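Hi everyone, thanks for making time. Could you pull up the structure on your screens, so that we can walk through some side-chain contacts and a sheet together?

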Amino acid sequence: MKSSISQSIDGNADRFKEISSYIGANPELGHEEFLAFARLTAELEHHGFQIERGVLDIPTAFIATYDSGKPGPVVAFLAEYDALPELGHACGHHLICMMSIGAAIGLKTVLNETGGSIRVYGTPAEETKGAKVPMAEAGLFKDVDIALMAHPYYAYEKSGESLAMDAIQYEFFGRSAHAAAQPYEGINALDAVIQLFNSINALRQQVKSHARIHGIISEGGKAPNIIPDYAAARFYVRSASRTYTNELVQKVLHCAEGAALQTGCTLKTSFYEFSYDELRTNETLSQVFTEQLFALGVDPKEIQTGQDHGSLDLGNVSTQCPTIHPFVKVVNERHLLHTKEFRDLAMTEPALDSMLFTSKALAFTAYEVLSKPDLLAAIKAEFAASK
């Protein structure tokens, strides 16, 4: 049966490469991925998938479904296709989307034997306001048995961990005055922002090693001779768990409240991006994927243990169903994600070949789960225990 999957992916190789290259050459920011959305949904429709467009009123989100009509598990493949400002597809999302779609189309060839159904979730804006967050909140993954995706990289790496994250804006409101003539009439909002940074810097000594708190001054005043009546800072607050992240958010809030009290400003806080939960890798499912890499010829010595790669909206999915997010080698030089060097190499023929290779590994993983009820039971038992 795996030979049927391989034949399907190989038979569509030119189509899949062309679509990936097109998306890579036409980068679109989050929630603006209209060209990618059109090409991806058209391709899935061409292969017999039923498409729900504009999921949750997100114009570039979709769910594509292929149902065998027979009882069985629900397999989800997740597609990302947003680009980075100025850098384009320096995170390889033009490859990610076709890895998942290629896997879904390949797996479709064996679904009459295994039963069950396949879903491809088109999830915009992973780099900012990731659509997986509202999708998870709406319960769109509750009936999914396994969720799979893979991320391009310069090495093979097992699905590991990510950091839970909140994105918070702190706005301070004071009173303007002439900074030389009547400074005593002013209330300096910029002073409050500076106090906030100083307080957070003092806080760092008392946080756990996996915590990350980093921010910018997004508004600091208009001219040196005017005491700023408004200033703002934006921070990411992260840690290895949602519980501890929530604690950190409260501690940073106390820093902001103290800064407002010291300077006489009023404070307003808000979330400027969605909150991400930590990725909870299903180790049983992850091992199945790793075994498929071995079967496809990857040397076990090449596969590294999963590292922390920041924050992912896939973390919110992993609280709903068994999930993996391995990294796969698509370039032969050590270039980090979000760099021009990685972007350029990710558009070359070897990267596109690696994309097809990964589609096979993802589809083979899903086939193993679909065809082995005991394996699925073990995956679900681990997931239940993790909750």
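Let's start with Arg280 and Glu278, whose side chains meet in a salt bridge, 3.5 Å from N to O. Please keep in mind that this is a predicted model. Are the two partners buried or exposed, or something in between? Arg280 has 32% relative accessibility, so Arg280 counts as partly exposed. Glu278 has 10%, and because buried means under 20%, Glu278 counts as buried.

In general, side chains of opposite charge can pair when their charged atoms come close. How many salt bridges turn up when the whole structure is searched? The search finds 18.

One that I'd like you to zoom in on is between Glu368 and Lys2, at 2.8 Å from N to O. Glu368 belongs to helix 12, residues 349–371, while Lys2 belongs to helix 1, residues 2–11, so this salt bridge ties together parts that are 366 residues apart in sequence. Glu368 is at 12% relative accessibility and therefore counts as buried. Lys2, at 25%, counts as partly exposed.

Glu368 has another partner for you to click on: Lys372, with the closest N and O atoms 2.5 Å apart. Lys372 counts as partly exposed, at 40% relative accessibility. Put these contacts together, and Lys2, Glu368 and Lys372 are linked in a network of salt bridges.

Charges also meet rings here, so to speak. The charged end of Arg234 sits over the ring of Tyr272, 4.4 Å from the ring centre. Then there is Arg238, which lies over the face of Tyr236, with 4.9 Å to the ring centre.

Now, rings with rings. The count of aromatic pairs comes to ten. Among them is the pair of Phe49 and Tyr66, which is tilted: the centres are 5.6 Å apart and the planes make an angle of 50°. Where do these two sit in the chain? Phe49 is in the loop between helix 3 (34–46) and strand 1 (50–53), and Tyr66 is in strand 2 (residues 62–67), so to find the partner you go 17 residues along, and the pair links distant parts of the chain. Both Phe49 and Tyr66 are buried. If you look for a cluster instead, try Phe37, Phe62 and Tyr81, which ring pairs link together.

Last topic: a sheet. Four strands make an open sheet, in the order 9-10-8-11, with antiparallel pairing. Which strands stand at the edges? They are strand 9 (212–219) and strand 11 (266–271); each has a single partner strand, so one side of each is left without a neighbour in the sheet. From one strand to the next, the twist averages 20°.

Let's take a look at one pairing in detail. Strand 9 and strand 10 (residues 230–239) run antiparallel and are joined by seven bridges. Within that pairing, Ile217 stands opposite Ala233 in strand 10.

Finally, please turn the helices back on. Helix 7, residues 189–203, lies across strand 8 (164–173), strand 9 and strand 10, and runs at about 20° to strand 10. Helix 8, residues 242–263, lies across strand 8, strand 9, strand 10 and strand 11, and its direction is at about 10° to strand 8.

That's my tour, and I'm happy to go back to any of these views.

Technical notes
Residues are numbered from 1 along each chain as its sequence is written. This is a predicted model: local features need pLDDT of at least 70, side-chain atom pairs count only at pLDDT 80 or more; totals for chains, interfaces and linings use all residues. Side-chain values use heavy atoms; hydrogens and water are left out. Rings of Phe, Tyr and Trp (its six-membered ring) pair if their centres lie within 6.5 Å; planes under 30 degrees apart count as stacked, over 60 as edge-to-face and the rest as tilted. Buried means under 20% relative accessible area, exposed over 50%, partly exposed in between (1.4 Å probe, protein chains only). A charge sits over a ring if NZ of Lys or CZ of Arg is within 6 Å of the ring centre and within 35 degrees of the ring normal. A salt bridge is a side-chain nitrogen of Lys or Arg within 4 Å of a carboxyl oxygen of Asp or Glu. Two strands pair if DSSP finds at least two bridges between them. Axes are lines fitted to C-alpha atoms, for helices over the stretch in contact, and angles run from 0 to 180 degrees between N-to-C directions. Contact means heavy atoms within 4.5 Å.
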